[in-house]
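Hello,

Here is the structure I promised to pass on. Please open it first, then read the notes below.

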Amino acid sequence: MRLRQLGPLLLLLALPDRPIVLLLAVSPSDTVPRGANFNVSCRAEGSPAPAYRWTVPPAPNVHTSADNSTVSVAGADRHNRGVYVCRVSNAHGQHLGQVRIQVTDHRLIIAALIAGAAVLLLGGTAGLIYYLKSTACKKGEYNVQDAESSAKATCLGRDGAVYGIQLTQT
Ligand SMILES: *[C@@H]1O[C@H](CO)[C@@H](O)[C@H](O)[C@H]1NC(C)=O
Ligand SMILES: *[C@@H]1O[C@H](CO)[C@@H](O)[C@H](O)[C@H]1NC(C)=O
């Protein structure tokens, strides 16, 4: 138990000069609405102080802070989604951390909803037309021999299909 708690400390003491990424943080969040700003900050430790380098999805709205530890994106769009890699290095080695950024686009969601509604509407209209056509049966032959008892008759459509129709008594 005691050894386990000491484990990470011993590791740090054994490798005091190698840079280690201590923190890779996205503010305000790694899921960004389109048009919003966000920062990805990298904090590393090492001796001598490590230099920061980034590999990020290329876009003109990406800027790096003076010490290269933070990447700022202004007005996020779909080009800004992807993996942001922070690489830290000094004479004794290097280390990296990475985080994936999602950019959500409400316009796409709205477009998808409208497309979905249009499909439903078209499908509904086609269904209604099919229903009206298949139940109209105006030009068929009518077999009304059982009509008096049941108030129902059979309608033979041109295509030979049999449709039920409702009769009103005269
Ligand atoms: C990003 O960092 C800059 C500079 O530190 C700060 O002014 C800005 O408010 C930060 N933006 C966000 C979204 O955290
Ligand atoms: C920041 O990064 C750029 C390009 O990667 C490099 O030329 C510059 O020296 C770096 N600055 C610092 C302070 O590490």
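**Loops and unusual backbone**

Proline 48 sits in the loop between β3 (38–45) and β4. Keep in mind that this is a predicted model. The bond that links serine 47 to proline 48 is a cis peptide bond, with omega at about 0 degrees.

There is another cis bond to look at. It runs from serine 27 to proline 28, and its omega is near 0 degrees. Proline 28 belongs to the loop between β1 (20–27) and β2.

Next, go to asparagine 68. This residue lies in the loop between β5 (62–64) and β6 (70–73). Its phi is positive, near 65 degrees, and it is not a glycine. Why flag these spots? Because most residues other than glycine have a negative phi, and most peptide bonds are trans.

Is asparagine 68 buried or partly exposed? Asparagine 68 is partly exposed, because 14 other C-beta atoms lie within 10 Å, and a buried residue needs 20 or more.

**The sheet**

Now the strands. Four of them form an open sheet, in the order β2-β8-β7-β4. The pairing is mixed. β2 (31–33) and β4 (51–55) are the edge strands, and each of them pairs on one side only. On average, neighbouring strands in this sheet are turned by 30 degrees against each other, with direction ignored.

Look at β7 (residues 82–90) and β8 (residues 93–104). These strands run antiparallel, and 9 bridges join them. To find your place in the pair, start at glycine 82: its bridge partner in β8 is isoleucine 101.

**The cores**

Which residues make up the largest nonpolar core? There are 9 in all: Val32, Phe38, Val40, Val71, Val73, Ala76, Tyr84, Ile101 and Val103. Isoleucine 101, the partner of glycine 82, is thus on this list as well. β3, β6 and β8 are the elements that give two or more residues to this core. Apart from it lies another core, of 6 residues. Val21, Ala44, Cys86 and Val88 are among them. As a general point, nonpolar side chains tend to be buried together in soluble globular proteins.

One core residue deserves a visit. Valine 103 is in contact with Val32, Arg34, Ala76, Asp77, Arg78, Asn80 and Arg81, leaving aside its neighbours within four places in sequence. Among these partners, Val32 and Ala76 belong to the largest nonpolar core too.

Best wishes

Conventions
Residues are numbered from 1 along each chain as its sequence is written. Chains are lettered from A and ligands numbered from 1 in the order in which they are written. This is a predicted model: local features need pLDDT of at least 70, side-chain atom pairs count only at pLDDT 80 or more; totals for chains, interfaces and linings use all residues. Two strands pair if DSSP finds at least two bridges between them. Helices (H or I, at least four residues) and strands (E, at least two) are DSSP runs, numbered from the N terminus. Axes are lines fitted to C-alpha atoms, for helices over the stretch in contact, and angles run from 0 to 180 degrees between N-to-C directions. A residue is buried if 20 or more other C-beta atoms lie within 10 Å of its own, exposed if 12 or fewer, and partly exposed in between; C-beta atoms are placed from the backbone. A nonpolar core is a set of buried Ala, Val, Leu, Ile, Met, Phe, Trp, Tyr and Cys residues joined through C-beta atoms within 7 Å. Two residues are in contact if their C-beta atoms, placed from the backbone, lie within 7 Å.
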